[in-house]
Amino acid sequence: MQDFRVKTFLTVCRTLNYTAAARELHITQPAVSQHISFLEREYGTPLFRYEKRKLRLTKAGAVLQEVLATRIHDDELLRRKLKAIGGDAQRHLRVGMTLTAGRYVAAQPLARFLTEHPEIKVRVRSGDTAHLLELLRGGEIDCAFVEGLFDRSAYACDLFTKERLLCACSSDHGLAGSRISFDDLLGMPLLVREEGSGTRAVLEHALAEHDLTLSAFADVTEVESLDIIKVFVMEGVGISFLYESAIRAEVDEGALGVIRLTGKPIEHGISFIRLKDSAFEDDLMAFFREMKQLAS
């Protein structure tokens, strides 16, 4: 059962603003302060502090957030499970997917899973990795498939699949099919996803291993839509680093080319993540194992 003060605490954790939390919860700001003060007295430690006028979680507050987020998530799962036992034959599962991981990696096995389990109703939420982590901590999703970088120690996570990041170019690009170094790319215009995108984070991490940043390219254009990036690359606007699964069809059809890079390939895992220490870990892992089997 959720204590209203716990809900207040987790809302402040997410907003890092007492006024915003009060507005979202439809209570007064003094009431928010009272709820936080109660929890600080209850646990005998400060949960928030101000740094340069900005509210921040203390180390103790971060630990409490992790524990309470899991507790609320489990409470919601328990309610759904008990409801199913009580006569509602349909089970519910809330799954998050980053855009690339969802469309090109996890969507097809999830469709097969649903076909084989008509008794399960799934709600899918999309967004970048940071947004899905926020939904997970807030108890709004049960698990997620993400390709972005995140603190692996803060979540339970397993590798769903590994993906290669390829340098895509127009099919008539002069270097299509060639093998060159990263340095040879720097004079070219580059198309990248927006800040917070997992694909962009993986690219920036790979560039850092070569002591490079995005600013090393001649011109960088930010585009939020993967489909628009692919059209721009086809038309010769620039090159872009995209997951192999996201461009496989276009490469096979000859609509896109690939510039091969010397050295080790850029690889990154698509991870299946959920809150740590959940009482429903076995259920979530059973879902993961079946998804992985259906993806193979």
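Visitor: Which residues are buried in helix α8 (residues 226-234)?

Guide: The model is a predicted one. Buried here means under 20% relative accessible area. Within α8, the residues that meet this cut-off are Leu226, Ile229, Lys230 and Val233.

Visitor: Within what arc do the buried residues of α8 fall, seen down the axis?

Guide: An α-helix has 3.6 residues a turn, so residues three or four places apart point the same way. The buried residues of α8 line one face of the helix, because they fall within an arc of 100°.

Visitor: Which elements do the buried residues of α8 pack against?

Guide: Contact is taken as heavy atoms within 4.5 Å. The buried set consists of Leu226, Ile229, Lys230 and Val233. Their partners are α5 (99-116), β6 (156-170), β8, β10, α9 and β11.

Visitor: Which residue caps the N-terminal end of α8?

Guide: The backbone nitrogen of Asp227 has a side-chain oxygen 3.3 Å away. That oxygen belongs to the capping residue, Ser225.

Visitor: Which residue with a positive phi follows α8?

Guide: Helix α8 spans residues 226-234. The phi in question is near 85°, and the residue is Gly236.

Visitor: How many cavities of 30 Å³ or more does the structure hold, and what is the volume of the largest?

Guide: The structure holds two such cavities. For the largest cavity, the volume is about 50 Å³.

Visitor: Which elements give two or more residues to the lining of the largest cavity?

Guide: The lining consists of Leu191, Val192, Arg193, Thr199, Arg200, Leu203, Ile229, Ser240, Phe241 and Leu242. Ile229, a member of this lining, is also one of the buried residues of α8. The elements that give two or more residues are β8 (189-192), α7 (198-209) and β10 (239-243).

Visitor: How many residues in the lining of the largest cavity are nonpolar?

Guide: The lining includes two polar and two charged residues. The nonpolar residues number six.

Visitor: How many residues in the lining of the second largest cavity are polar?

Guide: This cavity has a volume of about 50 Å³. Its lining is made up of Thr98, Leu99, Thr100, Gly127, Asp128, Glu147, Arg193, Ser197 and Gly198. By class, one residue is nonpolar and three are charged, while the polar residues number five.

Visitor: Is Gly254 buried, partly exposed or exposed?

Guide: Gly254 sits in the loop between α9 (244-253) and β11 (256-261). Partly exposed lies between under 20%, which is buried, and over 50%, which is exposed. Because its relative accessibility is 40%, Gly254 counts as partly exposed.

Visitor: What separates the C-alpha atoms of Gly254 and Met234?

Guide: Along the chain, Gly254 and Met234 are 20 residues apart. Their C-alpha atoms are separated by 9.9 Å.

Methods. Residues numbered from 1 in each chain as written. Predicted model: local features only at pLDDT ≥ 70, side-chain atom pairs only at ≥ 80, totals over all residues. Heavy atoms only, no water. 1 Å grid on protein atoms, 1.4 Å probe; cavity = no way out; pocket = protein on both sides within 12 Å on 5 of 7 lines; lining within 4 Å. Points joined across faces, edges and corners; volume = space filled by probe spheres on them. Helix = DSSP H or I, 4+ residues; strand = E, 2+ residues; numbered from the N terminus. Nonpolar A, V, L, I, M, F, W, Y, C, P; charged D, E, K, R; others polar. Buried < 20%, exposed > 50% of the residue type's maximum accessible area, 1.4 Å probe, protein only. Arc of directions from axis to C-beta. Polar contact = N/O pair within 3.5 Å; in protein donor to acceptor, adjacent residues only side chain to side chain.
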